[in-house]
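Here are my notes on the model you sent, set out as numbered points. Please read them with the structure open beside you.

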Amino acid sequence: MQVKIGNCVLELVKGDITQQDTEAIVNAANEELIPGGGVDGAIHRAGGPSIAEEARRYGRCPTGSAVITGAGNLKAKYVIHAVGPIWRGGNHGEPELLASAYRSALKLCLEKDINSVAFPSLSTGAYGYPLKEAARVALSTIISFLKEHQKPALVRLVLFGEDAYQTYEKALKELMGTP
Ligand code: ADP
């Protein structure tokens, strides 16, 4: 599914973040920037050790923020390491922190003049954020950012499996007011 936000495209696809040919891909990182499981593990396996070596130089990356490195052997040029919140019931600032993680990654795209970026569904694996709520936060944050800045030209959400795709599609239709 694709929608236009001004001149920008917001796209939902089912797939694997490591295979994306966007200029940047986003990693669901942890505050320590140490390779873990899930998306993070897949990116470091596919991209090689240079990504973790570069990320390590940043030290720590607080929840809600993001840092950028090269992308090693991946098709993308950059990996943006964004740290989403661990779900602790929903009353510990999780929605604001999740929105901030998306915004921080998008701001880095503007700074580096990156025109296309692919995101995984941050926080919805090991970090336990309920998918439906996360989809609403992710999509509304991206839409607001695109409305405000008219960049990057392409934002793609890469959903891992049918369930995640369906959930995001439903949330996007609701936000756009389409049946
Ligand atoms: P977090 O620690 O932020 O929760 P995870 O990597 O555990 O991050 O999971 C985030 C989301 O990414 C989950 O919904 C998971 O299903 C999905 N995912 C796992 N592997 C991939 C992949 N290779 N490409 C895209 N999404 C993936």
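1. At what angle do H4 and helix H5 (residues 162–176) pack, and how far apart are their axes? In this predicted model, the angle between H4 and H5 is about 50°, and their axes lie 9 Å apart. Since angles that are neither roughly parallel, roughly antiparallel nor roughly perpendicular count as oblique, H4 and H5 are therefore oblique to each other, and H4 passes H5 in a right-handed crossing.

2. On the H4 side, the contact with H5 is made by Leu131, Lys132, Ala135, Arg136, Leu139, Ser140 and Ile143, while H5 contributes Ala164, Thr167, Tyr168, Ala171, Leu172 and Leu175. Sorted by class, the residues of this contact of H4 with H5 comprise 9 nonpolar, 2 polar and 2 charged.

3. H4 (residues 131–149) also packs with helix H3 (residues 94–111), here at an angle of about 40° and with the axes 9 Å apart; the crossing in which H3 passes H4 is right-handed. From H3 the contact draws on Pro95, Leu98, Ala99, Tyr102, Arg103, Leu106 and Leu110, and from H4 on Ala134, Val137, Ala138, Thr141, Ile142, Phe145 and His149. The class division for the contact of H3 with H4 is 11 nonpolar, 2 polar and 1 charged.

4. Two backbone details in the loops that follow these helices deserve a look in the viewer. In the loop between H3 and strand E6 (116–119) lies Asp113, whose phi is near 60°, a positive value in a residue other than glycine. In the loop between H4 and strand E7 (154–159) lies Pro152, and the peptide bond leading to Pro152 from Lys151 is cis, with omega near -10°.

5. Turning to the ligand, 20 residues surround the ligand, and the closest of them are Ala28, Gly38, Gly125, Tyr127 and Phe160. Helix H1 (residues 38–47) supplies the largest share of this shell, namely 4 residues. By class, the shell around the ligand consists of 11 nonpolar, 7 polar and 2 charged residues.

6. As for annotation, an unreviewed UniProt entry lists residues 1–176 under "domain: Macro". Over residues 1–176 the chain of the model is 39% helix and 20% strand, and the C-alpha atoms at the two ends are 12 Å apart.

Notes
Residues are numbered from 1 along each chain as its sequence is written. This is a predicted model: local features need pLDDT of at least 70, side-chain atom pairs count only at pLDDT 80 or more; totals for chains, interfaces and linings use all residues. A residue is near a molecule or strand if its C-beta atom, placed from the backbone, lies within 6 Å of it. Ala, Val, Leu, Ile, Met, Phe, Trp, Tyr, Cys and Pro count as nonpolar, Asp, Glu, Lys and Arg as charged, and the others, Gly among them, as polar. UniProt positions are given in the numbering used here, feature names are shortened, and annotations may be inferred rather than shown by experiment. Axes are lines fitted to C-alpha atoms, for helices over the stretch in contact, and angles run from 0 to 180 degrees between N-to-C directions. A crossing is left-handed if the near helix is turned anticlockwise from the far one by less than a right angle, and right-handed if clockwise. Two residues are in contact if their C-beta atoms, placed from the backbone, lie within 7 Å. Angles under 35 degrees count as roughly parallel, over 145 as roughly antiparallel, 65 to 115 as roughly perpendicular and the rest as oblique.
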